[in-house]
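Reader: I would like to work through a few features of this model with you, beginning with backbone torsions and moving on to packing and contacts. Could you give the general idea each time before turning to the case at hand?

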Amino acid sequence: MALNTAINLKITSSPHIRTSETVPRIMWTVNAVLAPVGLFAIYWFGWRALLTMFLCVGTSVVTEFWIQRLRKIQITCWDGSAVLTGLLFAYVMPANQPWYVSVVGSAFAIGIAKHAFGGLGNNIWNPALIARAFVLAAWPAMTILGASWPLPGPDATPGAFDLNDYRYAEAPATVTAPSPLTDPEVELTAEEAGLPDAERLAIIRERWQLKVDEGLRQSTGLPGDASSGQAYLRLFLGARNGCLGETAGLLLILGGAFLLIRGYLNWRVPVFFIVTALVVAFILPEKIRLSDGSTAWSAWFEGDMLRQLLGGGLLIGAIFMATDMVTSPVSNKGAIIFAVGCGILTALIRLMGGYPEGVSYSIILMNTAVPLIDRHTRPRTFGEVTA
Amino acid sequence: MSEPLSREFTKGLWRENGLFVMALGLCPSLAVTTSVMNGLVMGLCVTFVLVGSNLVVSLIRSFTPKEIRIPIFIVVIASFVTLTEIGLKGLDYELYSNFGIFISLIVVNCVILGRAEAFASKNGPLRSILDGLGIGMGFAIALVIVSFFREVLGAGQLFGMDLAKGASPAAVFILAPGAFLVVGLLMGLFKYRKIMKGAA
């Protein structure tokens, strides 16, 4: 047979599957999905929210442009990734933070967290979360720890904040930690402090529960006689204080569902993240601060899962931060390990740590472990023999 | 040694900078560079110790037994550190108390032992002094640069004077993470420049 007959074969290198998916397309889709959350934030927190978002997004894009120009690489500041970073950073900060915190944080996210590591696709950590951790360490009193959080008023008038008073809006002193995850201080009289341990602990736990409930009502702007069911409903709908974009639970879940249908999201990450965090938070006792500086613990197997789910940034973190394509594991097995790790760390930091909100730190920590996870969950090539 | 004497001095300032290029002496760089004044004084102390120890190590190099050279170097360095410590205590007690243990810790500063081992034990006294001066000044410059960023960004001050009003400074730069951040970024910058120079 004439094997040496010349056959015209068209040979191309991989990838062979063509798709219309591109980085700009994915990024702009995620931005579009996040837009309703932003609109809700403007409705709820007032024009300060818009200003914060504008500053963060603007600074991100400008920083991206200048750094790409400086590095003499292709300028892709409009591919949506810089916009997304800026938007996500704005979403995890209080609406009324000082303008320079927005500017420095976004510039840090793009300049240090992203481009110092090589730009899009090479960053180890989620840039928006690194920026949050950075400004939290840089201006603790102005951002999270000492900040007074924009709070829905007693009659829940949305957007009732003065545009000129951009540093602090009034908030009750009990709400010092992020949103409904208050960390109240329990006070005991000298008489009660002398009681036997079991009785004392019972009093502490009861009083702590009352304070937590009170904080929950205050951060959702409910009157003192409101039921906790009402409070949870308002948490779910977003009628509460907190970071700019983390409050609107319903919108975040809808956005996540949309991304899931489009295939931009690995469902394993948010689901395992949230479930693990809730289960651990249910099982473990929570630390109770006493006014004399000592600590006590709440009961085992009594954690309030709804408060953990709807308060703080668990939803935005699990759906939009942990699922970042660059900084999460490639394989499904790896994604599950990653998400479970995030969940455990979140619950531990929330229940026992001194920092406000464990979600951001847990994701950053697990991002660090992603290369390791990827290495150990590498799918075997067909026919490969394990050593 | 065919290198001109001036090169022994200038190489330490930039090309072989102790902190940014060799990544030595990180402990004082991270710990005391919270203000330019602290950085400058620390840099001068290190320079003094470095010049002194380089000179003595170079003078005794011909009869230093090779097996126990490290303990001997350390004793020499420690003598100069003790001198510095007592001297600073006498001159400016307030400044001295700012540094706490970090003046004594110059003893274990790798820049100094490194120069004794790599340079002074192999070269003559004049070259060793120049080398010590150069490396020491380079280290001092590096500390001043680091502490400049840290003081301006972290405390909003320069030499203790307030700079900006209205905006509150980013406290993280006064703390340890800020030190790592500044040193890391400057190191990266130096590396980047080096690569660019090599490519050109």
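Author: Let us start in the loop between α2 (47-70) and α3 (81-91) of chain A, where A:Lys72 is found; please keep in mind that this is a predicted model.

Reader: What is the phi of A:Lys72, and how should I read its sign?

Author: In general, most residues other than glycine have a negative phi. A:Lys72 has a phi near 55°, a positive value in a residue other than glycine. A:Phe301, which lies in the loop between β3 (295-297) and α11 (305-310) of chain A, also has a positive phi, near 55°.

Reader: Is A:Phe301 buried or exposed?

Author: A residue counts as exposed if 12 or fewer other C-beta atoms lie within 10 Å of its own. A:Phe301 has 8 such atoms within 10 Å and is therefore exposed, and A:Lys72, with 7, is exposed as well.

Reader: At what angle do helix α1 and helix α9 of chain A pack?

Author: Angles over 145 degrees count as roughly antiparallel. Helix α1 (residues 23-45) and helix α9 (residues 249-262) of chain A pack at about 170°, with their axes 10 Å apart, and are therefore roughly antiparallel to each other. Residues making the contact include A:Val33 and A:Phe40 of α1(A), together with A:Leu252 and A:Phe258 of α9(A); by class, the contact has 10 nonpolar, 2 polar and 1 charged residues.

Reader: How many residues of chain A are in contact with chain B?

Author: On chain A, 8 residues are in contact with 7 residues of chain B. Helix α5 (residues 127-138) of chain A gives the largest share of the chain A side, 3 residues, and that side divides into 8 nonpolar, no polar and no charged residues.

Conventions: Residues numbered from 1 in each chain as written. Chains lettered and ligands numbered in written order. Predicted model: local features only at pLDDT ≥ 70, side-chain atom pairs only at ≥ 80, totals over all residues. Axes fitted to C-alpha atoms, helices over the stretch in contact; angles between N-to-C directions. Helix = DSSP H or I, 4+ residues; strand = E, 2+ residues; numbered from the N terminus. Parallel < 35°, antiparallel > 145°, perpendicular 65-115°, else oblique. Contact = placed C-beta atoms within 7 Å. Nonpolar A, V, L, I, M, F, W, Y, C, P; charged D, E, K, R; others polar. Buried ≥ 20, exposed ≤ 12 C-beta atoms within 10 Å, placed from the backbone.
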